[in-house]
Every structure is written in structure tokens, then in C-alpha cells.
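Good morning, everyone, and thank you for making time for this. I would like to walk you through one model, slowly, and I will begin with a pair of helices before turning to other parts of the chain.

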Amino acid sequence: MDEHVSLRERKKDATRQQLARAALDLFEAHGFDNVSCAEIAATAEVSKKTLFNYFSLKADLVLEAGKHRVYEPAAAVRGRAPGQTPHDAVREYLLTALAERRSTSGLSDEPDVLRLTRLIHATPTIAERDRQYQDQSRQLLTEALVEEGCPELTAALISAQIHSVLHTLVTENARRVLAGEAPGDIYPDAVAGAEHAFGLLESGLGDLMRRPE
């Protein structure tokens, strides 16, 4: 029974990937607004009904493959070691992603990752959907803190700061990769930036940028 379930899931994953590849190729060649779901389905050699069984929104065809990133910060916080703070858990998560050149770190130069990043930047509809995923990730982080007994307002404030730092760092790494810099050359700066940014969260802003009297 498990073998049949596994086979069915592998077929589903293969169909998803087939649709995502077709969508990325067509969006890149013709523009998001100029490609219909019917054309994507035909290119992927599946029915339009099958497409909508897997994806409810056209933008998700190219974004959902990386949707795991939505859940990872909250998962890092939930799985942190005793004595570890939420911001340190997310810092550790980012440092691991940087070392492994994961797409979630912004430090990947895999061709399909770069193609998708360019498409997001060039397509307002996809960019807006990506922002919705970012909002969902922040909300999940808030919920993870509330589950541990943190007051909702405090949890929202903490998650907003942690998620903003993470998103800013990842965006800067991706910007440099898109500009043509090699991930290996960016890596030392990316690590230093992560340590600096999460260090600010650790110590608080304090007197930073206080105007001289």
C-alpha cells in the first residue's frame, strides 16, 4: 500500500514539475500576461482541468515549487535547541542555507533559480503573489511564538523584525548574484551581513544612529 502511495505521489510531483517548467518557459518567452493556462497545459501535455487540480493561481505555477521556504523560518524556531532564542535559530538556519547555497539564501546561481528571480522582478502579478507568501511566512512565525505562550502583540513584533532581517539579507544576496557576482565571492559578505544583522536583534538598536547633540 505504501509503495502505491509513494508511486502516486511521485507521479503528482512529476506533473507539478512538468507544469512548472512549461510555465516558466512560456512566461519567460512571452510574458506572464500573454500566456494562458490552456497554453501551459498544452505545452505540458496535460489537460487544463489537470492544471487547475494542481494550481489554483497562474502565478503559483512558478512559485509553488519553492513554497517550502514559507514554512522554514517557523520550523527553525519550533525546532530550536533548549536555551536558543528565536532570532538565533533563524540566524543558524540562514547560515546553513548560505553554506549550502540553497535558493532560500539568495546565494544560488542555478539557472532556473535565476530565471525565476528575474521573472519575479519583471512581473508585478508574480511579485505580488511572492509578497503574499512572505506575509504568510511571517504569520506562521508569529503563530509559532504564540504557541509557546508569547503574547500575540509581542509575537507579531518579534516575527516582524526577524522576518524583515531575513528577507533583507536574502534579497541583497540575490541582487548581487543577478548582477553577475559569483556566490563564492559573495559568501563571506553574506555571512558577515547575517552575523551583523542578527547581532543587532540580539542587542537591540540601542544608541545606533542617535543624532549628535
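**How the helices pack**

Let us start with α8 and α9, whose axes lie 8 Å apart and which pack at an angle of about 135°. Please keep in mind throughout that this is a predicted model. Angles over 145 degrees would count as roughly antiparallel, and α8 and α9 are therefore described as oblique to each other. The crossing in which α8 passes α9 is right-handed. If you look for the residues that meet there, you will find, among them, Gln-134, Ser-137, Arg-138 and Leu-141 on the α8 side, and Glu-152, Ala-155, Ala-156 and Ile-158 on the α9 side. Sorted by class, this contact of α8 with α9 has 8 nonpolar, 6 polar and 2 charged residues.

Which other helix should we compare with α9? Helix α6, residues 86-99, has an axis that comes within 10 Å of the axis of α9, residues 152-178, and the two cross at roughly 15°. Since angles under 35 degrees count as roughly parallel, α6 and α9 are therefore roughly parallel to each other. Their crossing, too, is right-handed. On α6 the contact is made by Pro-86, His-87, Val-90, Tyr-93, Leu-94 and Leu-98, while α9 contributes Ile-162, Leu-166, Leu-169, Val-170 and Asn-173. By class, these residues of α6 and α9 divide into 9 nonpolar, 2 polar and no charged.

Two residues of that contact appear again when we turn to Leu-201, which is found in helix α10, residues 183-203: leaving aside residues up to four places away in sequence, Leu-201 touches His-87, Gln-161, Ile-162 and Val-165. Leu-201 and His-87 are 114 residues apart along the chain, yet their C-alpha atoms are separated by 7.2 Å.

Stepping back to the whole chain, we find 10 helices and 0 strands, and the C-alpha trace spans about 65 × 45 × 30 Å along its principal axes.

Finally, let me come to the largest pocket, in which about 1,200 Å³ of space lies. Of the 47 residues that line the pocket, the closest to its centre are Gly-66, Arg-69, Ser-103, Leu-116 and Ile-120. The elements that give two or more residues to this lining are α1, α4, α5, α7, α8 and α9, so named here that you can pick them out on the screen. By class, the lining has 22 nonpolar, 14 polar and 11 charged residues.

Terms used
Residues numbered from 1 in each chain as written. Predicted model: local features only at pLDDT ≥ 70, side-chain atom pairs only at ≥ 80, totals over all residues. Heavy atoms only, no water. Axes fitted to C-alpha atoms, helices over the stretch in contact; angles between N-to-C directions. Helix = DSSP H or I, 4+ residues; strand = E, 2+ residues; numbered from the N terminus. Parallel < 35°, antiparallel > 145°, perpendicular 65-115°, else oblique. Left-handed = near helix turned anticlockwise from the far one by under 90°. Contact = heavy atoms within 4.5 Å. Nonpolar A, V, L, I, M, F, W, Y, C, P; charged D, E, K, R; others polar. 1 Å grid on protein atoms, 1.4 Å probe; cavity = no way out; pocket = protein on both sides within 12 Å on 5 of 7 lines; lining within 4 Å. Points joined across faces, edges and corners; volume = space filled by probe spheres on them.
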